[in-house]
Amino acid sequence: DSLTGEVIDISSDIEALAKMLVYKDISKRHRQIREEVRYYYEDKIMLFQKMVIKAINELNGMELKVFLYMLGMMDFENWIHIPQKEMAKAIGIAERNVQLAIKGLREKGYVEVIKKGVENYYRINPEIAWKGSEKTHYQVLKERNPLLNR
């Protein structure tokens, strides 16, 4: 304080303030990075171009329509958990057509069907499309293809 001639040591206060600001910035940056990562993966999928051409040539109209819907609804690591009745309503076709389309997609290798109790879970073939990190994608591909483990 210059009026009284008293010397005040504010260095420890400045250090504490600086640490608080740095931690606040780190926390803010961490939230920002987390949001950027979520944004990056949330609504994006990798779709392999040669497989799109293959699908156009191999799938019939109903299979292609159901497959595109499934791609649009795909969650991380290619999982889809939507009842066939809901799929049918969403894309405006009969439930029986959805059943037949999924059967065709399964037989042609585009979709896996995993039964858990009375519910079906679907998974898009990761060689066709992928939603998630590249690291996880590679791990899933290695599980499916032992030749990649060499």
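Mentor: Helices are DSSP runs of type H or I with at least four residues, and strands are E runs with at least two, both numbered from the N terminus; on that basis the chain has six helices and five strands. The model is predicted, so local features need pLDDT of at least 70 and side-chain atom pairs count only at pLDDT 80 or more, while totals for chains, interfaces and linings use all residues. Residues are numbered from 1 along each chain as its sequence is written, and side-chain values use heavy atoms, leaving out hydrogens and water.

Trainee: What pattern does the chain follow along the sequence?

Mentor: Read in that direction, the pattern is α-β-α-α-β-α-α-β-β-β-α.

Trainee: What makes E2, E4 and E3 a sheet, and in what sense do they pair?

Mentor: Two strands pair if DSSP finds at least two bridges between them, and E3 and strand E4 (residues 119–124) have six bridges in the antiparallel sense, so the criterion of at least two is met for E3 and E4. The three strands form an open antiparallel sheet in the order E2-E4-E3, with strand E2 (79–80) and strand E3 (111–116) at the edges, each pairing on one side only. Within the E3–E4 pairing, Val111 stands opposite Ile124, and Val113 has Tyr122 as its bridge partner. Two residues lie between E3 and E4 in their hairpin, and Gly117 in the turn has a positive phi of about 70°.

Trainee: Which helix lies across E2, E3 and E4?

Mentor: Helix H3 (residues 61–73) does, running at about 90° to E4, where axes are lines fitted to C-alpha atoms, for helices over the stretch in contact (heavy atoms within 4.5 Å), and angles run from 0 to 180 degrees between N-to-C directions.

Trainee: How do you know that Lys108 forms a salt bridge with Glu63?

Mentor: A salt bridge requires a side-chain nitrogen of Lys or Arg within 4 Å of a carboxyl oxygen of Asp or Glu; the closest N and O atoms of Lys108 and Glu63 are 2.7 Å apart, and the pair therefore qualifies. Lys108 lies in the loop between helix H5 (95–107) and E3, and Glu63 in helix H3, so the pair ties together parts that are 45 residues apart in sequence.

Trainee: Why is Glu63 called buried, and why is Lys108 called partly exposed?

Mentor: Buried means under 20% relative accessible area, exposed means over 50%, and partly exposed lies in between, with a 1.4 Å probe and protein chains only. Glu63 has 5% and is therefore buried, whereas Lys108, with 35%, is partly exposed.

Trainee: What makes Lys54 and Glu58 a salt bridge?

Mentor: Their closest N and O atoms are 3.8 Å apart, which again falls within 4 Å, so the pair counts. The two residues are separated by about one helical turn because they stand four residues apart in helix H2. Lys54, at 33% relative accessibility, is partly exposed, as is Glu58 at 34%.

Trainee: How many salt bridges does the structure hold, and what is the distance between the closest N and O atoms of Glu112 and Arg144?

Mentor: The structure holds three, among them that of Glu112 with Arg144, at 3.3 Å. This pair links distant parts of the chain, with Glu112 in strand E3 and Arg144 in helix H6 (residues 134–144), 32 residues apart. Glu112, at 32%, is partly exposed, and Arg144 is likewise partly exposed, at 36%.
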